[in-house]
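Thanks for sharing this one. Here are some notes from a colleague's read-through, set out as numbered points to follow alongside the coordinates.

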Amino acid sequence: MNLEHLKTFHTAALKKNFSETAKTLHVSQPSVSLQIRQLEEYLGEPLFKRTTQKVYLTPAGELLLKSAEKILKQINDTQKNLQKLSQSTQGNLIIGASLTIGEHILPYIFASFQKQHPNINLILKIYNSQQIIEKLTNEEIHLGFIESMISYPEFVQEAFLEDELVIISSVENANIFGEKECISAEQLLSLPFILREKGSGTRQVIEEKLRQNHLNPTKLNVIMELENTESIKSAVEAGMGISIISKAAIQKEIRLNTLKTLKISDINLKRSLFTIYKDYNLSLPGEVFKSYVLEFY
C-alpha cells in the first residue's frame with residue numbers, strides 16, 4: 001500500500017471533495033482521482049460514493065479511515081522518536097492562536113522557551129477560532145490555541161489556562177455606576193455594546209455565559225462589531241459603549257487608568273483556554289511546545 005495514496009485518501013475522507021483535497025495537498029484533481037482509484041483497485045473495494053458536489057465514504061472507506069488514522073499516528077510517533085535520538089529538537093512550528101492568546105499570553109512564553117530550544121523556529125499566526133479549525137484541517141498550522149471548547153471530535157483539546165473576562169467601560173461612563181463597579185444583567189442588555197465578530201472565541205464564550213444565566217445574547221444592544229481587540233478598547237475609551245474582553249488584554253489600560261472594569265451581579269465570566277491539535281499530525285516541536293505551555297501555567 002502506497003503511503004502517499006493513504007494520505008490522499010485520508011484528506012479526501014475529511015474534505016468530502018476531491019477538488020478541495022487537491023488544493024490542500026497542492027496537487028491536481030486528476031492526481032487525487034488517480035491515487036484514490038489505484039487504492040480502490042489495490043484493495044478491491046470502492047472507498048467513496050461519488051456525487052457531483054461531494055464524495056461520501058462507503059463501509060469499506062469508513063473502515064479504512066479508522067485504520068489510516070492509526071497508521072498515520074504511528075508514523076508520526078516514529079518520526080518524533082527518531083528525532084529524539086538526535087538529542088536536538090529542531091524545525092519549524094507554525095502556531096495558530098486567537099487574538100487574545102496570540103497577543104497577550106503566548107509572547108510571554110516564547111522568550112524562555114527559545115532559550116531552552118533555540119533550534120525550534122516559532123511562527124505565530126493570528127486567527128479567530130473558526131479559522132484555526134480550518135487551518136488545522138488543511139494542515140496549514142501544527143498547533144492551535146483557542147478561547148473556547150469546540151465540538152470537533154477529530155481534534156484533541158486540552159485546557160492550559162483559566163482566563164477571566166471582564167466588562168470594560170470608559171472612565172467617565174464607569175463613574176455612573178458608583179463605587180460598586182458592578183452592573184445588573186438588565187443594565188448589561190440595555191447599554192450600548194461593542195462585540196467581537198462571529199467566529200471569535202471570546203464572542204462564543206460571552207454568548208454561552210449569558211445563556212447559562214438565562215440571558216438572551218440576541219437582546220444585547222450591539223452598536224458595533226469589530227475584529228480587533230485594540231479597536232474595541234479604543235472605541236470603549238472614546239465612550240462609545242461597553243464591551244467584554246479578556247482581563248489579560250487590558251493590563252496596560254488598567255495601570256494607566258484609561259479603562260475601568262465592571263462585574264455583572266451573580267455572573268461568573270471565568271473560562272478555560274485550550275490547545276487544539278490533530279493527535280496523529282503533531283510534530284515533535286509541537287509536542288515539546290505544547291508540553292512547555294502546560295507546565296508553564
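1. Let me start with the burial pattern of helix 1. In this predicted model, the buried residues of helix 1 are His5, Leu6, Thr8, Phe9, His10, Thr11, Ala12 and Ala13. As a reminder, an α-helix has 3.6 residues a turn, so residues three or four places apart point the same way.

2. The geometry of helix 1 looks fine to me. Its 13 residues cover 18 Å from first to last C-alpha, close to the 18 Å expected at 1.5 Å a residue.

3. Both ends of helix 1 deserve a look. At the N-terminal end, asparagine 2 acts as the cap, with a side-chain oxygen 2.7 Å from the backbone nitrogen of glutamate 4. Just past the other end, lysine 16 adopts a positive phi of about 60°.

4. What about methionine 1: buried, partly exposed or exposed? Methionine 1 sits in the segment that precedes helix 1 (3–15). Its relative accessibility is 48%, and it therefore counts as partly exposed, a class that lies between 20% and 50%. Together with Tyr42 and Leu43, Met1 forms a nonpolar surface patch of about 320 Å².

5. Now please turn to helix 10, which covers residues 201–212. Its twelve residues should span 16 Å at 1.5 Å a residue, and the end C-alpha atoms are indeed 16 Å apart, so the two values agree. Buried here are Gly201, Thr202, Arg203, Val205, Ile206, Lys209 and Leu210; note that this list includes Arg203 and Lys209.

6. The ends of helix 10 can be described in a similar way. At its start, serine 200 places a side-chain oxygen within 3.2 Å of the backbone nitrogen of threonine 202. After the helix comes histidine 214, with a positive phi near 60°.

7. Finally, some whole-chain values for context. The protein chain contains 13 helices and twelve strands, and its C-alpha trace spans about 75 × 50 × 30 Å along the principal axes. Of its 297 residues, 45% are buried. Among contacts with a separation of 6 or more, 75% join residues 24 or more positions apart. The accessible surface amounts to about 15400 Å², and carbon and sulfur atoms contribute 49% of that.

Note on methods
Residues are numbered from 1 along each chain as its sequence is written. This is a predicted model: local features need pLDDT of at least 70, side-chain atom pairs count only at pLDDT 80 or more; totals for chains, interfaces and linings use all residues. Side-chain values use heavy atoms; hydrogens and water are left out. Patches are made of residues with over 30% relative accessible area and no salt bridge: like charges are joined within 9 Å, nonpolar side chains (Val, Leu, Ile, Met, Phe, Trp, Tyr) within 5 Å. Accessible areas come from the Shrake-Rupley method with a 1.4 Å probe; for residues, only the protein chains shown count as cover. A salt bridge is a side-chain nitrogen of Lys or Arg within 4 Å of a carboxyl oxygen of Asp or Glu. Helices (H or I, at least four residues) and strands (E, at least two) are DSSP runs, numbered from the N terminus. Buried means under 20% relative accessible area, exposed over 50%, partly exposed in between (1.4 Å probe, protein chains only). The expected span of a helix is 1.5 Å times one less than its number of residues. A polar contact is a pair of N or O atoms within 3.5 Å; within protein, one must be able to donate a hydrogen and the other to accept it, and residues adjacent in sequence count only if both atoms are side-chain atoms. Contact means heavy atoms within 4.5 Å.
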